[in-house]
Protein chains: 4
Amino acid sequence: MQSIRFFSDNAATVAAPVMDAIIAANQSDMAYDSDKWSQKLDAIFSELFGTDVTAHWAVTGTAANALSLSAICPPFGGVLCSQDAHVQTDEGGAPEFYTGGSKLLLVPGEGAKITPEALKTRAEAIADSVHMVQPHAVTITNSTELGQVYTPEETAAIGAVAREKGLRFHLDGARFANAVAALGCNPADLTWKAGVDLMSFGFTKNGAMAAEAIVFFDRELAAHNKRRRKRAGHLLSKGRFIAAQIEAMLKNDLWLDLARSSNTVAKRIAEAVDPKRHAYPVKANEVFLFISMEERAELRKQGFVFYDWGHDKIRLVASWDQPEHEVVALEKALKAL
Amino acid sequence: MQSIRFFSDNAATVAAPVMDAIIAANQSDMAYDSDKWSQKLDAIFSELFGTDVTAHWAVTGTAANALSLSAICPPFGGVLCSQDAHVQTDEGGAPEFYTGGSKLLLVPGEGAKITPEALKTRAEAIADSVHMVQPHAVTITNSTELGQVYTPEETAAIGAVAREKGLRFHLDGARFANAVAALGCNPADLTWKAGVDLMSFGFTKNGAMAAEAIVFFDRELAAHNKRRRKRAGHLLSKGRFIAAQIEAMLKNDLWLDLARSSNTVAKRIAEAVDPKRHAYPVKANEVFLFISMEERAELRKQGFVFYDWGHDKIRLVASWDQPEHEVVALEKALKAL
Amino acid sequence: MQSIRFFSDNAATVAAPVMDAIIAANQSDMAYDSDKWSQKLDAIFSELFGTDVTAHWAVTGTAANALSLSAICPPFGGVLCSQDAHVQTDEGGAPEFYTGGSKLLLVPGEGAKITPEALKTRAEAIADSVHMVQPHAVTITNSTELGQVYTPEETAAIGAVAREKGLRFHLDGARFANAVAALGCNPADLTWKAGVDLMSFGFTKNGAMAAEAIVFFDRELAAHNKRRRKRAGHLLSKGRFIAAQIEAMLKNDLWLDLARSSNTVAKRIAEAVDPKRHAYPVKANEVFLFISMEERAELRKQGFVFYDWGHDKIRLVASWDQPEHEVVALEKALKAL
Amino acid sequence: MQSIRFFSDNAATVAAPVMDAIIAANQSDMAYDSDKWSQKLDAIFSELFGTDVTAHWAVTGTAANALSLSAICPPFGGVLCSQDAHVQTDEGGAPEFYTGGSKLLLVPGEGAKITPEALKTRAEAIADSVHMVQPHAVTITNSTELGQVYTPEETAAIGAVAREKGLRFHLDGARFANAVAALGCNPADLTWKAGVDLMSFGFTKNGAMAAEAIVFFDRELAAHNKRRRKRAGHLLSKGRFIAAQIEAMLKNDLWLDLARSSNTVAKRIAEAVDPKRHAYPVKANEVFLFISMEERAELRKQGFVFYDWGHDKIRLVASWDQPEHEVVALEKALKAL
């Protein structure tokens, strides 16, 4: 039996234009990020965001996030984030490693989102004492670990609290494409116009081979990033192969097309089940359903591969390249439950 | 004018069989290193070395080295190495970062090589006192930063000192292929049979896109490496593209063929100049020449790109894909000096 | 107006026998911990606990805790603790610093205590995945940050979970004396007999000048502690002055007498107010009371110094040397509210 | 037989005025460094140095040095120092720990001193490349590990190089008193007037129990030191006992009187031997002599305790409280060799 993969978008195939770009980059050039592809990153992202930015490539979202946080939080500081944020739950301690031992300061909230109010309450509960780790930054994820999105207004409201409290503002955009595609808004409105200082911009889950970018809207924050990246062993010698992927993803809005594709699949899956089964509204490309143990076994018997999400839920993630027959099969199987 | 690159082997193109393997790996599979390519690594390297090993992929030599050292040296310990070792001079502090603040304990020696005697002397100069950082490991590079090689006997002699002093033994094999090709020996003789506990096995400089392996001859040392790798942001989600490169490099001795090719170019360059100009004997794919400032200017005017090595020397590195006309041009230019 | 200090026991005076011991230690001896006082620590604590232990001095509870945790948790691991534990809330990130970036994994619970059930639930919620920081240890505080105590049975129940889950078990005993005095039990029953592997034994809050001990019941855990202590700048050159304090504190049960004294004061304070005002039962030397803002102002006007504990509570801590007139004054002031 | 200690000044007794000050501080006050003694430190040191400074206490020289370096060097940076500096050879890796993994960049030189020329040469050998750890600071020790002193002019020359190269300048003053006493100069001339940004000012070796200060001449460098100190477990709760020691040491030039005393003893020892035996000129309170193994055995048989310094030398350190009969005995023994 063929396995039908809905466990994650992170193992999907590489989109053809990206693979073509990789092949085209197979020519001699300068090492590290002195090649002509890497040298274009600032310009490409500046155009995308409509403002001058500095952009550095990375090969994983964990590295992009951890490097970002190390630029905005000292070893003795803390970073406010959702209690369900990827940096807290799924990065194996990378933020603590890269920052030299800072603390993540958890904010409660539904759907792995934080509200401005909850953020403010958490920040204000920390006395300005030498005994308590002080918050230096806040990070949010859009779309979130639980498939929710922050609108431009919601992002700006977080940004306002950050400014008020003297916090730097980072956006984990591992699935930024899915958020932008879902909201139909301008990337600028979800980032620098809403007060975001720097972001991790993900491409790997969305059709690249291994390509992420750290985009510095506050360009001064990029000052030491190349040193930190090298020190972390993340300065690839043939960086052109990473930069070329990014260029291909951004060209002709490929990133948005691919994200729309996975979002659409998620919507179809969502619509195939009784709304009461939805743990969270389906906003991007992730679907969380209340499915009993017996039902899971039934689905797995049919070849579906997915993660359990606690005792009562499962997670289904749609990929950009999800074959039509797999979607149809899942729709049918879910309806039959 | 076309630039003719002899600055490093690290920006060379990707060999065709490697690129083919990458393209062939573009199919859906499990994430991280649960895919079928990654799952084969242990077997492939075990066969190559004629002993059971554990092997994990990485994307840079710096990461492979730093992860390796973190497996054999605690934060409060030290690692003995050549004063000219790559880990000391060119990794931006990665060993210190990954080990949590250990110290590199420098051993003097010619050609970035260390002798068993010098190693022993350095180790014995450190009193067993709580005030002094104690050595826990030794690392050597083969071929070295200065293009020299350790023979199996020389490696075994280092291994003997390591055993005597209770030190773990790491081999930085960023250019291991060049050493094996130059010595014409069995990989086992340069590694586990000589007492090496773990190694960084490099492919990127030798025709891969971004692929290195940490090979654990003492398999217990691998116990925490996957956690450390994840924590460092080095667990790529589409690991199959890394593993596939390695498989292609090792298939039909491609790695040795490519290394022989760059070694041969280096020999030709070496023979094009007066032996007196040689700073070190040419053993692998690097050539260090005494060249005056005026002569350098002349070479650069002709389009040659290379590094200055201190005030009196230059470094020329041959790549596996160095075009014949570039070699001929360099031979001619050097003879004309 | 004289200030009447109930803000903490950590600024109390030094008990006369301790000061006498310091003065008596002012003679030439060996440096660091080679002096005759430091050399006695193992024996003194072994006698106290009725088992062979290794004991090292320290000068702060934060250092003792952080060194302890670094002995039982690797940089990539986690330590389970109460969400209100001192290591989490009041050590400025010291555990993260000393362990090299580990995570504290918070367990909910009343009175800064954790139950075996809550501990187990929290531990089991962490999948054995490379993406999630794995728990390596658990730490509890006795008496707790909120003045509660763990009985020998409760401690043993935590110890049983620790054993079952393969966790090391640390006890933060900054106020261990208050717990032992309150429970009237044997120190062994609250520690090694209940599965505790190592503890921080506090004396500073209880009449010493600056003296804590790390007591290793599992003596192998002490293997690297002297190196870690030195590396942290905590190896005092005249260690005899620390060891002499500890010896004086343990002689003739001075530590228990002083703890009984502060516990008694706390009981008197507790009895001076309506039981409805008690946020937690008063078990040791700390009293948490629901006191309105107006009432606090009134108390402060009378010279009482204490901490606010959130918006609705205050904390009163009794010291070993609390003068009778201060206790009487507080009793009177509280009754008058 | 009585042992006659010349192994170090770090285990000497506490001077009577210091012990009196400790006893006098045994009264209730605020915790940490909010007490009246700690609050005076800035003023006391500002008066001593004739400029406004910020001063924080610490309990060991290692902590003072490591905290200092963490204020001037990021985790990815390096600190230039003598190859024989205490931070490099005798602090168990504390600088690497506190800075989060920076590197010490060693400068050769006689007597553990560095010259401006050697410093400049070493700094300039480091290319401004992302691969190489960049120097951010320089630290010197006065008097040095080998008993030498930097004059105001020599210090200023180092300061000039630091300024030229954009390096922060730290002074390890574990034996600053011995240097000032030897040179008879103003403390200001050896510090801020010579470009020193911050220093570790030692008192423990010179008659205190455990008291050092970090003096920030550039007061902005003190910004995070209290957080770092807390995080390192070095914020003692009864800080008044540390501050009181410092106040007593500085009162009526006690620190200089005690240093003169140990310097004088060193001079007498020096004069008791043939000048040819001197490994270094005796400038402060340390004497390094060429003494054969047989002669060492003879000295030890007579009860003298001292360190071997390599194979050919011994180190004799004079303490402030060295009894006259011990000095006479050593003079006699050395003359008899």
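The following legends describe close-up views of a predicted model.

**View 1. Chain B and chain A are related as by a two-fold rotation axis.**
Chain B is superposed on chain A by a rotation of 180° with 0.0 Å of shift along the axis, and the RMSD is 0.0 Å. The two copies are thus related as by a two-fold rotation axis. Within chain B, the residue that comes closest to this axis is B:Ala232, whose C-alpha lies at 3.5 Å. The same surface serves both copies, since 100% of the contact residues of chain B recur in chain A.

**View 2. The interface of chain B and chain A buries about 3800 Å².**
Chain B contributes 44 residues to the contact, and chain A contributes 44 residues. Of the buried area, 58% is on carbon and sulfur atoms. The residues of chain B that lose the most area to chain A are B:Phe97, B:Arg231 and B:Lys238, which together account for 20% of what that side buries. Zero salt bridges are found across this interface, whereas 31 residue pairs are in polar contact. On the side of chain B that touches chain A, at least two residues each come from helix 1 (16-24), helix 3 (61-72), helix 5 (94-99), helix 9 and helix 10 (240-250). By class, this side of chain B holds 22 nonpolar, 14 polar and eight charged residues.

**View 3. B:Arg229 is a buried residue of chain B.**
B:Arg229 is found in helix 9 (residues 225-231) of chain B. Its relative accessible area is 1%, under the 20% limit, and B:Arg229 therefore counts as buried. Leaving aside residues up to four places away in sequence, B:Arg229 touches B:Asp33, B:His56, B:Trp57, B:Leu67, B:His234 and B:Leu235.

**View 4. Chain D and chain C meet through 44 residues of chain D and 44 residues of chain C.**
The area buried between chain D and chain C is about 3800 Å², with 58% given by carbon and sulfur atoms. D:Phe97, D:Arg231 and D:Lys238 supply 20% of the area that chain D buries against chain C, more than any other three residues. Between chain D and chain C the count is zero salt bridges, while 31 residue pairs are in polar contact. Helix 1 (16-24), helix 3 (61-72), helix 5 (94-99), helix 9 (225-231) and helix 10 (240-250) of chain D each give at least two residues to the side that touches chain C. That side of chain D has 22 nonpolar, 14 polar and eight charged residues.

**View 5. A turn of 180° lays chain D on chain C.**
The accompanying shift along the axis is 0.0 Å, and the RMSD is 0.0 Å. The C-alpha of chain D nearest the axis belongs to D:Ala232, 3.5 Å from it. The same surface serves both copies here, with 100% of the contact residues of chain D recurring in chain C.

**View 6. C:Glu124 and C:Lys165 form a salt bridge.**
The closest N and O atoms of C:Glu124 and C:Lys165 are 2.5 Å apart. C:Glu124 lies in helix 6 (residues 116-124) of chain C and C:Lys165 in helix 7 (residues 152-165), so the pair ties together parts that are 41 residues apart in sequence. C:Glu124 is partly exposed, with a relative accessible area of 48%, and C:Lys165 is partly exposed at 29%.

**View 7. A salt bridge joins the buried residues C:Arg315 and C:Glu286.**
The N to O distance between the two side chains is 3.3 Å. C:Arg315 belongs to strand 12 (residues 313-317) of chain C and C:Glu286 to strand 9 (residues 286-290), and the pair links parts of the chain 29 residues apart.

**View 8. D:Arg168 forms a salt bridge with D:Asp197.**
The closest N and O atoms of D:Arg168 and D:Asp197 are 3.2 Å apart. D:Arg168 is in strand 6 (residues 168-173) of chain D, and D:Asp197 is in the loop between helix 8 (176-183) and strand 7 (198-202), so the pair ties together parts 29 residues apart in sequence. D:Arg168 is partly exposed at 28% relative accessibility, whereas D:Asp197 is buried at 15%.

**View 9. D:Ala336 is an exposed residue of chain D.**
D:Ala336 lies in the segment after helix 13 (324-335) of chain D. The relative accessible area of D:Ala336 is 65%. The C-alpha atoms of D:Ala336 and D:Val273 are separated by 9.2 Å, and the two residues are 63 residues apart along the chain.

Terms used
Residues numbered from 1 in each chain as written. Chains lettered and ligands numbered in written order. Predicted model: local features only at pLDDT ≥ 70, side-chain atom pairs only at ≥ 80, totals over all residues. Heavy atoms only, no water. Least-squares fit on C-alpha atoms with pLDDT ≥ 70 in both. Contact = heavy atoms within 4.5 Å. Helix = DSSP H or I, 4+ residues; strand = E, 2+ residues; numbered from the N terminus. Buried < 20%, exposed > 50% of the residue type's maximum accessible area, 1.4 Å probe, protein only. Buried area = accessible area lost by both parts, 1.4 Å probe. Salt bridge = Lys/Arg side-chain N within 4 Å of Asp/Glu carboxyl O. Polar contact = N/O pair within 3.5 Å; in protein donor to acceptor, adjacent residues only side chain to side chain. Nonpolar A, V, L, I, M, F, W, Y, C, P; charged D, E, K, R; others polar.
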